[in-house]
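Reader: Can you walk me through this one? Short answers, please.

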Amino acid sequence: MGGTDLRERIAELVSEATAGEVAAADVLAGGSMVALGVDSLGLLRLVDAIELEYGVEVELNGPGRPLDTLDDLVALVGAAGAGGAATGSAEVGGQLS
């Protein structure tokens, strides 16, 4: 899956995880997912979806790169696909989820 396809699919997963409250087009435009309206429940759903679809384990309270933008998520999934480390930390509303 190419980088553009991966970005589009993860943006769709964000939208699905928020029950459509956050549009995939808004996620693709960039910026913080928290600012777009992804709450802690949406983040948990997104983590589950990424783990199921890509086999990438995302640790919400673990050390690692932040996971607040689409690019953060694409880098995480891409690194796991390339055999790199697949850990990240997600912060929602100023607190770890």
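Author: Let's start with helix H5. It covers residues 70-81, 12 residues in all, and at 1.5 Å a residue it should span 16 Å. Its end C-alpha atoms are 16 Å apart, so the two agree. Bear in mind that this is a predicted model.

Reader: Which residues are buried in H5?

Author: Leu70, Asp72, Leu73, Val74, Leu76, Val77 and Ala79 are buried there.

Reader: Back up a bit. How many helices and strands does the chain have?

Author: There are 5 helices and 4 strands. Along the sequence the pattern runs α-α-α-α-β-α-β-β-β.

Reader: And what share of the chain is buried?

Author: Buried residues are 36% of the 97 in the chain. The exposed surface is about 5000 Å², with 51% of it from carbon and sulfur atoms.

Reader: Now the largest nonpolar core. Which residues have the most contacts inside it?

Author: Ile10, Val14, Leu46, Ile50, Val58 and Leu73 have the most, in a core of 22 residues. Helices H1 (3-17), H4 and H5 each give two or more residues to this core. H1 gives the most, with 6 residues.

Reader: Take Ile50. What is it in contact with, leaving aside neighbours within four places in sequence?

Author: Ile50 is in contact with Leu13, Gly55, Val56, Val58, Leu73 and Val77.

Reader: What about Leu43, buried or exposed?

Author: Leu43 counts as buried because its relative accessibility is 6%, under the 20% cut-off. Leu43 is in helix H4, residues 40-54. Its C-alpha atom is 9.6 Å from that of Asp68, and the two residues are 25 apart along the chain.

Reader: Switching to charges. How many salt bridges are there?

Author: The structure holds 4. Arg9 pairs with Glu12, with the closest N and O atoms 3.1 Å apart. These two are 3 residues apart in helix H1, so about one helical turn separates them. Arg9 also pairs with Glu16, at 3.4 Å.

Reader: Does anything reach beyond H1? Where does Glu53 lie?

Author: Glu53 forms a salt bridge with Arg9, the closest N and O atoms being 2.8 Å apart. Glu53 lies in helix H4 and Arg9 in helix H1, so the pair ties together parts 44 residues apart in sequence. Through shared partners, Arg9, Glu12, Glu16 and Glu53 form one network.

Reader: How exposed are those four?

Author: Arg9 counts as buried, at 19% relative accessibility. Glu12 is partly exposed at 38%, and Glu53 is partly exposed at 37%. Glu16 is exposed, at 52%.

Definitions and conventions. Residues numbered from 1 in each chain as written. Predicted model: local features only at pLDDT ≥ 70, side-chain atom pairs only at ≥ 80, totals over all residues. Heavy atoms only, no water. Buried < 20%, exposed > 50% of the residue type's maximum accessible area, 1.4 Å probe, protein only. Areas by Shrake-Rupley, 256 points an atom, 1.4 Å probe, with all protein chains shown as cover. Expected span 1.5 Å × (residues − 1). Core = buried A, V, L, I, M, F, W, Y, C linked by side-chain atoms within 4.5 Å. Contact = heavy atoms within 4.5 Å. Salt bridge = Lys/Arg side-chain N within 4 Å of Asp/Glu carboxyl O.
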